[in-house]
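Please look through the sequence and the structure shown here. The paragraphs after it explain some of the features, step by step.

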Amino acid sequence: MMKIEQINLYNLSIPFIHPFRFSNGELLSHTCLIVAVKSEGITGWGECPTFEQPYYTYETITTAIHILKDFLIPKLLGKNINSPTEIRELLGFVRGHNMAKSALDCAVWDVFAKQKNIPLSQLLGGVRDKVKVGVSVSLEKDIELLLARVGHYVYEGYQRIKLKISPQWGIKPLQAVREKYPDLMLMADANSAFTLDDLPLFQEMDKLNLVMIEQPLAYDDLLDHSYLQSSIKTPICLDESINSVHDTRLAIELKSAQVINLKISRVGGITNALEIHDLCQQAGIKLWCGGMLESGIGRATNLHIASLPNFVLPADISATNRYFEEDITNTPAQLNCADSTIDVPKNIGIGVEVVEEMIFKYQI
Ligand code: OSB
Ligand code: MG
């Protein structure tokens, strides 16, 4: 039982070490919203990792501030909550805006874990203390630069590499990396840049022994993905197309994918993520935890959910130094290079302490 006494909202912009390019745009810094939910001396933290532009989902920093300030936060202030699972219901009067909702949902889950004096992973039913991870490699100006970047990450110990792909480059980057690393766990993420007309390209990709092809077709499609999955043997993974439990049920029924990249923020919070997790486990759909280039707060939350049993493929959760010069928490995430894992934080709640000076340093 908790009373939501106060909610603080911060807008941060943390510069990336390298710009992050994908089929839809380029990001120079991680602009995000951080929420702090306060209850009886405990502070819970959550991150809304939407971009400034509607290039991934329709949400932007500006819409998220609007929805949080004018609708979601007023609904929660002063409320008594018996279980963190009540947040989804309470915020259900707003349609969509999953990333705005997710920040509050995660912060309340953090408060409950801290009240119970246990790590969030334990509250969620996690079964492992470290998580297999890989790295998502941004589009580069040419193949040589891409190979250098991939070489750097492989040298650091990442055992799974995800390449962003685009119509401009086609299959060439994948072929180049596959040629140099015949046994690497390699996968592609198209961020919806292709259509079914590109079937011949995907049939070529099918020969490269990829772990999966992520979101090849439209961001709101499930049907064409089903056709594509029936035409190639490489597993298709859905990212942008899965925003709810309902989307997940449709994808299972339509056989649109064999794998889902589950992001807490994209599905509107932990309660939805848990339900999707269980649904996929029953249906034989494999999961892995995706990333939104989060700060140390969102990344910590992701590590906890990725400790659940059906997260069976390497996560897009990389070490802090893959993104930023420094972490806004006291515990930068580090790669265990021997087995390409990152430890799930062991302390209570999200298990990392937010450094207040860092919040002010990066606040805009
Ligand atoms: O499509 O998975 C994606 C980052 C921002 C938006 C969308 C995606 C990504 C990534 C990066 O691939 C994953 C990460 O390292 O956080
Ligand atoms: Mg993706």
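K162 and D316 are both buried. In this predicted model, their side chains form a salt bridge, with N and O 2.5 Å apart. K162 belongs to strand β8 (residues 160-164), while D316 sits in the loop between α11 (296-305) and α12 (320-323), so the salt bridge ties together parts that are 154 residues apart in sequence. In general, side chains of opposite charge can pair when their charged atoms come close.

This pair is part of a wider arrangement. A network of salt bridges links R160, K162, K164, D189, E214 and D316. Two members of that network, D189 and E214, also coordinate the magnesium ion (ligand 2), together with D239. The donor atoms are OD of D189, OE of E214 and OD of D239, at 2.1 to 2.3 Å. Along the sequence, the donor residues follow the spacing D-x24-E-x24-D. D189 is in strand β9 (residues 185-189) and E214 is in strand β10 (residues 213-214), so the two come from distant parts of the chain, 25 residues apart.

Are these two donors buried or exposed? D189 has a relative accessible area of 1%, and E214 has 0%. Buried means under 20% relative accessible area, so D189 counts as buried, and so does E214.

Other salt bridges can be compared with the one between K162 and D316. The whole structure contains 15 salt bridges. One of them joins the side chains of R149 and E140, at 3.1 Å from N to O, and both R149 and E140 are buried. Another joins K207 and E204, whose closest N and O atoms are 2.7 Å apart. Here K207 is exposed, because its relative accessibility is 61%, and E204 is partly exposed, because its value is 36%.

The surface also has a nonpolar patch, made of L196, L223, Y227, L250 and L254. Together these residues have about 400 Å² of accessible area. Helices α8 (223-231) and α9 (245-254) each supply at least two residues of the patch. L196 is found in the loop between β9 and α7 (199-205), and L196 is partly exposed, with a relative accessible area of 30%.

Finally, consider the chain as a whole. The protein chain is divided into domain 1 (2-117 + 355-361) and domain 2 (122-343). Their C-alpha centres lie 22 Å apart. Where the domains meet, 37 residues of domain 1 are in contact with 48 residues of domain 2.

How values were computed: Residues numbered from 1 in each chain as written. Chains lettered and ligands numbered in written order. Predicted model: local features only at pLDDT ≥ 70, side-chain atom pairs only at ≥ 80, totals over all residues. Heavy atoms only, no water. Donors = N, O, S within 2.8 Å, 3.2 Å for Na, K, Ca; no water. Helix = DSSP H or I, 4+ residues; strand = E, 2+ residues; numbered from the N terminus. Buried < 20%, exposed > 50% of the residue type's maximum accessible area, 1.4 Å probe, protein only. Patch = residues over 30% accessible without salt bridge, like charges linked within 9 Å, V, L, I, M, F, W, Y side chains within 5 Å. Areas by Shrake-Rupley, 256 points an atom, 1.4 Å probe, with all protein chains shown as cover. Salt bridge = Lys/Arg side-chain N within 4 Å of Asp/Glu carboxyl O. Domains from an automatic or database assignment. Contact = heavy atoms within 4.5 Å.
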